[in-house]
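Welcome! Open your viewer, and let us walk through this model together, one selection at a time.

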Amino acid sequence: SVRHDTTLVDADAMDASEVDVELGVELKPGVESLANDASVEVLCLACDSAAGDFTVRSMRRRAPKPRDVVIEVKYCGVCHSDLHFAAGQMSGVTGAVQYPMCPGHEIAGVVSEVGSEVTRFEVGDKIGVGCMVDSCGRCAACEAGEEQRCAAGNVPTYGGTDKYGRAAQVPAGRQTLGGYTDRFVVHENFGVKIPSSYPLELAGPVMCAGVTTYDPIDAFGAGAGTRVGVVGLGGLGQFGVKIAKARGCVVTVISQNKSKEAFARRCGADEFVVSSDEDDFARHAKSLDLILNTVPVYHDYAKYRALLVDRGGRQVMLGLHTGFIGALLAGNVVGVKRSTLSGSAIGSVRATQEAMDLCATHDIRPDVEVVPCTAIHEVYQRLDDANDSGKRYVLDVAGTMTKTTSKEEMGPPPTFAAVRKRPTVVQAVWEMVKILVLLRWR
């Protein structure tokens, strides 16, 4: 196998800086000339602004360290969160986006190189990377295998900042580059083993939507006989239905109209509720133990309280919007296990591996459409228009990402609709107060 012992310059030891004109970010001494350092040139599908104007261009990643794995990326799923961040819709909470920005946290590929101290992977293994690439590794949460709750903060796969020296970027100080790329470098602890029997083109969504729905189902002990409701049947909701069914739950899909009932039944739903039909909604009052709310835009989530049993019923917000952030904060205030409304973001690496293994064992397959990289603008438009198909879109990176891809081939960028309640810290805190005080949802 191919192994590398190359290490990077210690960024903490640097005290001067300069500005890279092309990337518009601060450079640390030691990487003044990218052509002369030990970094790796890669192709990335990145956007230059909040307009989501993607092009294929050359960028650089760090040289692999002793415990790093180099991945030849075959596919990368497109998550609705990619759109939120690329369009700067979360900047009021997470901070400014650094462009050019390369999203993607549904990475599936094959190990092409391993560092000299890597023990978990070998060249040729199928491997995936989900929503984070590092954490402190020392706090109670990390030691318990809950890196997503790292007290010092985990490092997101894209748009994050290297805090602990294991997610270094080139040039030093730039935000992490995601998985819309032909090669990816990651510390072995944040790699996910993809079973040989599971198709690579389906694996990416498991490490995002799959674990996002698996984690609360597992955390709340949902199993045989548990009555689980899934609000929304997009790319996230379909996983919720399939994973809950694999755990033996009785599943009800809740949607605004009846048009998705056939798809819900194909996914395994036992019941279907039209939320806009008052009579249908009333007939299912107090019928659910757990609700997974996957809707990715702000909406009246409080109404679903009526569907929960009085004792022990819980709604978990999974779609990314102001209400989700407020629910996340509310759950932290009173305790996730005590709150009847909480938010759940990503799962741990362990939970991601469990979700992957569960999907392989039960042959749980997301409904995906594999698309060329040149279709990214069209895919973002479909997602912004509500993605009525319910599909997960997956980029064929290995087959369609080339240096010769022109801007004309990409077509016009998407036209994003105005965001209702664009998330800010103030709005998120107000949403938390509303949940705890006005809604008395505790």
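**Stop 1: the largest cavity.** Keep in mind that you are looking at a predicted model. The largest cavity has a volume of about 120 Å³. To find it, select Arg61, Arg62, Ala168, Gln169 and Val185: among the 16 residues that line this cavity, these are the closest to its centre.

Now colour strand S5 (54–61) and strand S11 (183–187), the elements that give two or more residues to this lining. Which of them supplies the largest share of the lining? The answer is S11, with four residues.

What kinds of residues surround this space? Colour the lining by class and you will find eight nonpolar, four polar and four charged residues.

**Stop 2: the second largest cavity.** A search of the whole structure finds two cavities of 30 Å³ or more, so there is one further stop of this kind. The second largest cavity has a volume of about 80 Å³. Select its lining: Gly130, Cys131, Met132, Phe190, Val192, Met207, Val211, Ile346, Gly347, Val349 and Thr352.

Next, show helix H4 (200–219) and helix H9 (349–361) as ribbons; each supplies at least two residues of this lining. Colour by class once more: eight residues are nonpolar, three are polar, and none is charged.

**Stop 3: an open sheet.** Switch to a cartoon view and pick out six strands. They form an open sheet in the order S15-S14-S13-S16-S17-S18, and their pairing is parallel. Which strands stand at the edges? They are strand S15 (271–274) and strand S18 (341–343); each has a single partner strand, so one side of each is left without a neighbour in the sheet. Rotate the view to look for the twist: neighbouring strands here are turned by 20 degrees against each other on average, direction ignored.

Strands of a sheet pair through backbone hydrogen bonds, in either a parallel or an antiparallel way. For a close look at one pair, select residues 290–293, which make up strand S16, and residues 314–317, which make up strand S17. These two strands pair in the parallel sense over four bridges. To see one of the partnerships, click on Asn293 and then on Met317, its bridge partner in S17.

**Last stop: a helix across the strands.** Keep S16 and S17 on screen and bring back H4, which you met at the second largest cavity. H4 lies across S16 and S17, and runs at about 160 degrees to S16.

Terms used. Residues are numbered from 1 along each chain as its sequence is written. This is a predicted model: local features need pLDDT of at least 70, side-chain atom pairs count only at pLDDT 80 or more; totals for chains, interfaces and linings use all residues. Side-chain values use heavy atoms; hydrogens and water are left out. On a 1 Å grid over the protein atoms alone, a cavity is a set of points where a 1.4 Å probe fits but cannot get out, and a pocket is an open set with protein on both sides within 12 Å along at least five of seven lines; lining residues have an atom within 4 Å of a point. Grid points are joined across faces, edges and corners, and a volume is the space filled by probe spheres set on the points. Ala, Val, Leu, Ile, Met, Phe, Trp, Tyr, Cys and Pro count as nonpolar, Asp, Glu, Lys and Arg as charged, and the others, Gly among them, as polar. Two strands pair if DSSP finds at least two bridges between them. Axes are lines fitted to C-alpha atoms, for helices over the stretch in contact, and angles run from 0 to 180 degrees between N-to-C directions. Contact means heavy atoms within 4.5 Å.
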